[in-house]
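Biologist: I should be grateful for a close look at one part of this structure, namely its helices and the loops and strands around them. Please proceed step by step, as for a first-year student.

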Amino acid sequence: MEKQSRLLCSELCVQSRLYEVTLNCAILAWKDIQIAKKHTGRAIYGAVKAGSYCVPVCEIIAVQEKEDDSPCKNTGKWQKVPQSPADSCQHAFTVFYVERTRQHCWWCNNVTFHCSEHSLCLLWVQTIREQLALMTNRPKSLLVYINPYGGKQRGKQIYDHKVAPIFSRASISTDVIVTERANHARDHLKTEADLKKYDGVVCVGGDGMFSEIMHGLVSRMQQEAGVDENSIEETLMPCGLRIGIIPAGSTDCVCFATVGSNDPVTSALHIVVGDSQPMDICSVHNEDRFLRYSVSLLGYGFYGDVLTDSERKRWMGPARYDISGVKTFLSHRYYEGTVSFLPAEGNLGTPRDKMQCRTGCSVCRQSSSDKLVGKNEDSVSDAECQDTWTVIRGKFLAINAASMSCACPRSPKGLSPSAHLADGTTDLILVRKCSRLDFLRHLLRHTNKDDQFDHSFVEVYRVKQFRFTPRYQECDSEVDLRDSGATGKRFLSQICREHRACGCMPSQSNWNCDGEILPHTAIQVRVHCQLIKLFARGIEEQQVFEDPYTHCAI
């Protein structure tokens, strides 16, 4: 690895020991001059040989001159005469930086360097700040929305005690709005917010709060660009502002899938260092009417029924999802309909290839390159012209479209472990009618390491568009192709829909769109590649270096 030229190199003291401290445009490193031959035990990020440490400059949060707390006045008491250079270092500065802990969590650590001269201390502070100022990806001004009612109603407390001090230390100015009603943030972003003042928008809440922010920003961008959201054929304009998520909800699925943790401090630090993670958005339509955008899960059947039932139990808090889930599982309802989809082609992988989306994902990078040269939109239109849509009819317990892994603490792998954040596709999962025991086996595999798609009644496809039509809405020609005597069955079906006392299976479920119920059952869905960006970097792989100092060397 090519070595960077040094900006500064000095002998400074850390905790009364003398270190050689070196700075270049990429790395801040400090090495104990009195080389200890034994390992020190505890290691910081990038810690290498005993007594040697390094931190990437891009992960330094701030640098601050420390006030001189050594005795400087004659108090009439005996003063200790310095016995070593370390004891004579009276001027100091503190560097705050990112340190990684377990399970993808970050926290803000710090190290204080003591100098013998004040001018040397100022030089170090000024030089580090100059390097931080060169990082234009870091936000300087943020618009923050806090949902005080989501999850356990701790959004404002989490922001005030854990997040605001980090933003303040990083010299980020914020305008904070505490929402007062549903869709408050969405409406404010669409109409009132002066977005030119900010480098990003931050939501403090759960997945519902993030959905509000995302809808407001995407709709605002389409309005300003003159794009008709009601047309599924329109190419949507990507958003320029990044979105930060401070998790304070019940599940925080989006945050967990893009950072790997539901820790507010970790998310705040990702915002401070200016991370950027593109993400796909699905637009959902009914005929020529736009319904909603989706970033994580579209679920019909099981997950739609769970959400519908849980809405009647909101007074129970997050526990309502468990109770509604058990009730829905025991009811074991299935629904008939037709699913048609446009398969993803090219080198986009498959839902079963075990290539998980991680930081620097090659699949997402390839999709980004294709988007820049215009391949994405052209491939969709060409495929449509060639009539390459696949049609599947049947009885389904669940129809799910996962645009990300949908991982959360309860389901570490998620609904589709190999789904990608920014490849321009969604994973369509069809669970056909099966026994209650088989369906339970499928659900349990969301919580272990087994292949959850390895069942004869489960089919999964990577798609760019799909449509669903429930059986009762299919046209006469489609029904006639499937069944003989269809007229009599449709007549009986109509009676059952209007008179539920007969106890027949309900004719339709509801769509669960990122935790919201859609008003229509027949929908059309299209994936828009990398429409938004988050203050995130994807889930990091755990790096293990044989000799990390070689990688961090100056």
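Modeller: The account below begins with the whole chain and then turns to the helices, the loops and two strand residues.

The model is a predicted one. Its protein chain contains 14 helices and 21 strands. Of the 554 residues in the protein chain, 53% are buried. The accessible surface of the protein chain amounts to about 27,100 Å², and carbon and sulfur atoms hold 50% of that surface. Among contacts in the protein chain with a separation of 6 or more, 76% join residues that are 24 or more positions apart.

Consider helix α7, residues 302-311, together with helix α8, residues 319-331. Their axes come within 8 Å and cross at roughly 125°. An angle that is over 115 but not over 145 degrees falls outside the perpendicular and antiparallel ranges, and α7 and α8 are therefore oblique to each other. The crossing of α7 past α8 is right-handed. On the α7 side, the contact involves Phe-302, Asp-305, Val-306, Asp-309 and Ser-310. On the α8 side, the contact involves Arg-320, Tyr-321, Ser-324, Gly-325, Lys-327, Thr-328 and Phe-329. Sorted by class, the residues in this contact of α7 with α8 are four nonpolar, four polar and four charged.

The spacing of such contact residues can be read with one general rule in mind. An α-helix has 3.6 residues a turn, so residues three or four places apart point the same way.

A second pair is formed by helix α3, residues 184-191, and helix α4, residues 207-225. Here the axes come within 8 Å and cross at roughly 20°. Since angles under 35 degrees count as roughly parallel, α3 is therefore roughly parallel to α4. The crossing of α3 past α4 is right-handed. From α3, the residues in contact are His-184, Ala-185, Arg-186, Leu-189, Lys-190 and Thr-191. From α4, they are Met-209, Glu-212, Ile-213, His-215, Gly-216, Leu-217, Ser-219, Arg-220 and Gln-223. This contact of α3 with α4 comprises five nonpolar, six polar and four charged residues.

Helix α6, residues 264-272, is described by its burial. Nine of its nine residues are buried, so α6 is largely enclosed by the rest of the structure. The buried residues of α6 are Pro-264, Val-265, Thr-266, Ser-267, Ala-268, Leu-269, His-270, Ile-271 and Val-272. Just after α6 comes Gly-274, which has a positive phi of about 80°.

Phi also draws attention to two loop residues. Most residues other than glycine have a negative phi. Glu-287, which is not glycine, has a positive phi near 55°. Glu-287 belongs to the loop between β12, residues 277-286, and β13, residues 289-294. With a relative accessible area of 62%, Glu-287 is exposed. His-332 is likewise not a glycine, and has a positive phi of about 50°. The loop that holds His-332 runs between α8 and β15, residues 335-343. The relative accessibility of His-332 is 15%, and therefore His-332 counts as buried.

Lys-152 is found in the loop between β8, residues 141-146, and α2, residues 155-169. Lys-152 has 69% relative accessibility and therefore counts as exposed. Although Lys-152 and Pro-318 are 166 residues apart along the chain, their C-alpha atoms are separated by 8.4 Å.

Ile-146 is part of strand β8. With a relative accessible area of 1%, Ile-146 is buried. Ile-146 and Lys-156 are 10 residues apart in sequence, and their C-alpha atoms are 6.3 Å apart in space. Leaving aside residues up to four places away in sequence, Ile-146 touches Gly-155, Lys-156, Tyr-159, Val-176, Ile-177, Val-178, Thr-179, Val-204 and Met-209. One of these, Met-209, also belongs to the contact of α3 with α4.

Cys-282 is part of strand β12. Its relative accessible area is 2%, and Cys-282 is therefore buried. Cys-282 and Val-525 are 243 residues apart in sequence, whereas their C-alpha atoms are 6.4 Å apart in space. With residues up to four places away in sequence left out, Cys-282 touches Arg-292, Tyr-293, Ser-294, Ser-403, Thr-426, Val-525, Arg-526 and Val-527.

Notes:
Residues are numbered from 1 along each chain as its sequence is written. This is a predicted model: local features need pLDDT of at least 70, side-chain atom pairs count only at pLDDT 80 or more; totals for chains, interfaces and linings use all residues. Side-chain values use heavy atoms; hydrogens and water are left out. Axes are lines fitted to C-alpha atoms, for helices over the stretch in contact, and angles run from 0 to 180 degrees between N-to-C directions. Helices (H or I, at least four residues) and strands (E, at least two) are DSSP runs, numbered from the N terminus. Angles under 35 degrees count as roughly parallel, over 145 as roughly antiparallel, 65 to 115 as roughly perpendicular and the rest as oblique. A crossing is left-handed if the near helix is turned anticlockwise from the far one by less than a right angle, and right-handed if clockwise. Contact means heavy atoms within 4.5 Å. Ala, Val, Leu, Ile, Met, Phe, Trp, Tyr, Cys and Pro count as nonpolar, Asp, Glu, Lys and Arg as charged, and the others, Gly among them, as polar. Buried means under 20% relative accessible area, exposed over 50%, partly exposed in between (1.4 Å probe, protein chains only). Accessible areas come from the Shrake-Rupley method with a 1.4 Å probe; for residues, only the protein chains shown count as cover.
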